[in-house]
Amino acid sequence: MAERGESSEAVMLKKTEEEKLRKGKMIVGDESKAGYEEEGKKVKLVTSDGVTMEVEISIVKEMEIIQTFIGATDTDDSFIFPISNVSSHILNQIIELVKGEYDQELAKKLSHDELKEILVAANYLNMKTLFHFIATAIANVIQNKSVEFVRDFFGIVNDFTEEEEAELRKTNAWAFEGVDED
Amino acid sequence: MEKSIKLNLPPISLLDLPESTLDFILKCLSPMDLCRMSKVCVLLKGKCESDEFWENHIKEKWGRVIGDAVYKEWEWHIAIAKDGVLLNNQHTNQTGSMGSFSGVWPNLCLGSYLEHFKLLNGKNSNNFMMSLYFSLETGSFWFPAQVYKELVIYNALVKYDSQSNTFQARYQNRDWGFLGRNIEWDMVRAPAVDTPPYVVHVSHCSHNLKPEDHVEIQWRPDTQSPYDWWYAVIGHLDSCNQNCCRCHYSDTLIVEFRQYPEESDSRRIKLCRKKNEEQSDQIEGYYGGIRKLENEDEIETWKRLFPLQIQFQDDMEDFDDVGSLEDSVESFHSHDDMEHFGDVDSLDDNVESFLSQDDGDGTNPSEHHTDASQGFTFGEVGSMRNSNSKVVCCHFSSDGKLLASAGNDKKVVVWNMETLQTESTAEEHSLTVTDVRFRPNSTQLATSSSDSTVRLWDAADPLFSLQVHIGHTSHVASLDFHPTKNDLFCSCDDINEIRFWNINQYSSIQGFKGGSTQVRFQPRVGHLLAAASGSFVSLFDVETCMQMHTFQGHSAEVHFVCWDPNGDYLASVSEECVKVWSIASGECIHELNCNGEAFRSCVFHPIYSTLLVIGAYQSLELWNMVENKIMTIPAHECVISALAQSPVTGMIASASHDKSVKIWK
C-alpha cells in the first residue's frame, strides 16, 4: 500500500504541470473537449496486482478501451475500471511516458522487460500513440543485433532444422557483418 | 507482493502478440535487420522475406531511379529462374541472365542484365521484392534507367556500387561501352516515359506547346542508333512579334537548344507540329517525340544539374572573332609558294649557335641530305635520353624555346632548347602520360594520362601540378589547347568521349562523343577540332560541338593526326598509309601507302609546306607530297611514337619507344 501512496503523490505533483500544459493548449483551442467535464477529473483504475490508481482523465482518454466505457457510462468519481492485464508498475511507466510526451530519452531508461510489457499493455489498452512509440523503441533496440540476441529478447525458440540453418548462413552473409555486441 | 507476481508471469514471446504488433515492429526495421530477423525462426523467416516489408524499402532507397520497366525486367528474370532454364543448362558456363529484348533486328535493345544469376537460386525466386532489393544493392543487376550527361539524358543500363554509393552506366549504343562510372544519385532517374529507346515517343503535347515551354526531345544521330533525350525550350518563330505572339497557332514548332550560342545553326530547329513521326533536317540528325516538362521540379533539376551548360552561350560569345574558314584558305594559297620562305638562312644561323653549344650529353649530330628540294638539308641536331621507358608524346612551346616530352615514365621532361638543360615534373600521374601540350604563348603545359585525369603544369616550376581536371571516366588519350582562346582546352578518352574544359573551371564545360585517339584544334583560327576515333577522323565545329565532316578512307586505326600550320590541311596516319585531306573540299588530296615498317606519326615540315615528316618504325620518312618523292632517314631504335615541330625555330622533334627524344632540322 506504500506503493500506492507514493504513486498518488507523483500524480499530485505532476497535476499542476499538467494543468499549465492544458491551459496552454486551450489558447490554441482544445477541440477534443468532450461532453463531460474533465478539468482535474480523475478515473480510478485497478491494476493486475490489485492497486487502485487515480489517473487523470487526459491520460485515460488515450486508452481507447476505457474510453468506450466512459462514453457509454455516466461517470462519477466512484466508478472503478479494472485493467487486469496491466501491473501498477507498468501503469506508472505508461503515465510517465504520456506525460513526458513520448520522449525517446525516457524509453532508453526502460528495461527490455518493461519495453515488452508496455507494448503488451498498450496493445491491450488500445493506446495507439503509445503503441507506435514503444514499437519503434523496440525496433531501435533490436537494430543491428545478432540472431541470438533477438531470440532471447523476444523469447523465441529456434525451430530451424540443421539443414535449413546451414542454408540460411550461405545466403545474404553481408547481413551478419558488423553486428553490435549483445 | 508485486515481485512475486512478476515472477509468475511467463516470458513474453513476441509471437504471442497480435500479428499487427509484430508487423509494426518489422516495418521499422532496416533491410539488414530484416535479413537477420529472417534467421530467427521459421515464422519470422516467412514474414521477413515477404514482399510486404521489402516493397517499402525498395521504394525508399531505389524509388527515384527505378520505374515500372525495372519491375517488368525483374519478373522476366524471376520467370527464367522458376523455369530453371539457365540452371539446368549444363552446356554453358553462363553466370548471368539476359533481360528482355525490345525492337526489331538489328536494332535490338537489351532491357536488363543480371550478372549473378545464382542470386535467384532456390527459394529466393519466390521473394520478388527481397531478391530485387539484393540484386540492386549488391550491384548484380544492370537495370534500365536514364542518366543525365551534359544537357542530354541517355537511356542506359545502370548498376549500383555500394562501396562508393554511386552508379555505373552502360550505353545501349556503341557495343555497351561505358557511359560513365561513379555517377551520383542525382544524375540517374527512372525513365520518364516507357517508350523503348528505338521507338518514337508519341507526343500528346505538341499541339499545345507554346514559347518558353520546357521540353525533352528525342534525338538520334542516325537511324541505326537508339534515341536519347535532349533538354530544350520552345522558341518564337522568326516572324513573331513578341508583343502579340501567335506562335502556338503555327504549324511550325521552334525548338531551341540554349546551350548553343544565339548565332549557332544548331541552336534553333524547326519541326512540323502536326507530325507524330521522326523528323530530320539531314545535317543535325533525327528528332523523335517531344515530352513537355509539366513539373516544375523536372525543370529545376535540369537547371540545378547543369547551370554552366545552360549558361554556356554567355561563356562562348566572344568566340566569334576567329575569322572565317574562307579567309584562311586564301592565305594558304600565298603560303603555298616556296619563295615565301626566303629567310631560311637566318634560321640556319640559329642552328649554328645551337650546335656550337656542344653540350656533349647524348648530342650526336649527323647530317642526312635530301634532294626533295633545292638546298634543303635535314639532320639530327640533338638527342636526349632522360627517360627510363617509352616516350609517347612531345610538343614545343609557342616560342620554340621549350620541348616537353612524356610517356610511360608518368612525368614530363622539359628540355630547354637554349641551355639544353632538362627538368622533370613530379610524378603525379599514376599511369602513363598519353599526351602533352603547351598552352599557347605560355610556359604552362597540360598532360593527359591513362589515370583518367588531365593535369596543368608550369614548366618554370615543375615540382607540383597547378591543377588537376577530373571528369573522364576512362583513360584520357589526348588533349589540346585552343590556339586563340587559350583558357579553353579539350581532351578525349578511349571510350570516345571528348570534353571541353575551361582552365578556370574544374569541371568540363561540354562533352560529346567522337574522339578516342587524338584531338587537335585547327591552328590559327581554331574554328574546327579534328578528332581521331577508330579508322575515322572527324571534324567538329568548336562553337557548337557539331560534327561537320568525317574523313573516311583508312582501313586501320588512325594513330596520329596533324594540321598544317595554317589549318587548311589535315594529315592522318594509320599503320598502312598516310592521307592528307583538304578542309575546303573534304577530299583526300595526297596519299602514301606504307611499303616497309608501319607508320605511326607525322608532322608538317615547319618551313617547307610540301614536305610531310612521317614517323615509322625506327625511321623518319620525308615525303614530298607534290612530287610524291620519299626519303628514308634512320632515326631511332624503335617506333617513333610522336613528332612535333616549331615554326619559330624550324625544329622537328621525334619521340620514340626507344626512350629517347631527338631534334632535327
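**Close-up views of a predicted model**

**View 1. A nonpolar patch sits on the surface of chain B, built from B:Met98, B:Phe101, B:Trp105 and B:Leu108.** Taken together, these four side chains offer about 470 Å² of accessible area. Keep in mind that this is a predicted model, here and in the views below. Zoom in on B:Phe101 and you're looking at part of strand E2, which covers residues 101-102 of chain B. B:Phe101 comes out as partly exposed, with 48% relative accessibility.

**View 2. Over on chain A, A:Asp159, A:Glu162, A:Glu163 and A:Glu164 make up a negative surface patch.** One of these, A:Glu163, belongs to helix H9, which runs over residues 162-170 of chain A. A:Glu163 has 60% relative accessibility, so this residue counts as exposed.

**View 3. B:Cys48 takes no part in a disulfide.** Don't go hunting for a disulfide elsewhere, either: searching the whole structure, all chains included, turns up zero. For B:Cys48, the nearest cysteine sulfur belongs to B:Cys41 and is 8.3 Å away, while a disulfide needs the two sulfur atoms within 2.5 Å. B:Cys48 is also buried, at a relative accessible area of 0%.

**View 4. B:Cys244 and B:Cys245 have their sulfurs 8.1 Å apart.** Why is there no bond here? The sulfur of B:Cys245 is the closest cysteine sulfur to that of B:Cys244, but 8.1 Å is simply too far for a bond. As for exposure, B:Cys244 is partly exposed, with a relative accessible area of 49%.

How values were computed:
Residues are numbered from 1 along each chain as its sequence is written. Chains are lettered from A and ligands numbered from 1 in the order in which they are written. This is a predicted model: local features need pLDDT of at least 70, side-chain atom pairs count only at pLDDT 80 or more; totals for chains, interfaces and linings use all residues. Side-chain values use heavy atoms; hydrogens and water are left out. Buried means under 20% relative accessible area, exposed over 50%, partly exposed in between (1.4 Å probe, protein chains only). Patches are made of residues with over 30% relative accessible area and no salt bridge: like charges are joined within 9 Å, nonpolar side chains (Val, Leu, Ile, Met, Phe, Trp, Tyr) within 5 Å. Accessible areas come from the Shrake-Rupley method with a 1.4 Å probe; for residues, only the protein chains shown count as cover. Lys and Arg count as positive and Asp and Glu as negative; His and the chain ends are not counted. The place of a charge is taken as NZ of Lys, CZ of Arg, CG of Asp or CD of Glu. Helices (H or I, at least four residues) and strands (E, at least two) are DSSP runs, numbered from the N terminus.
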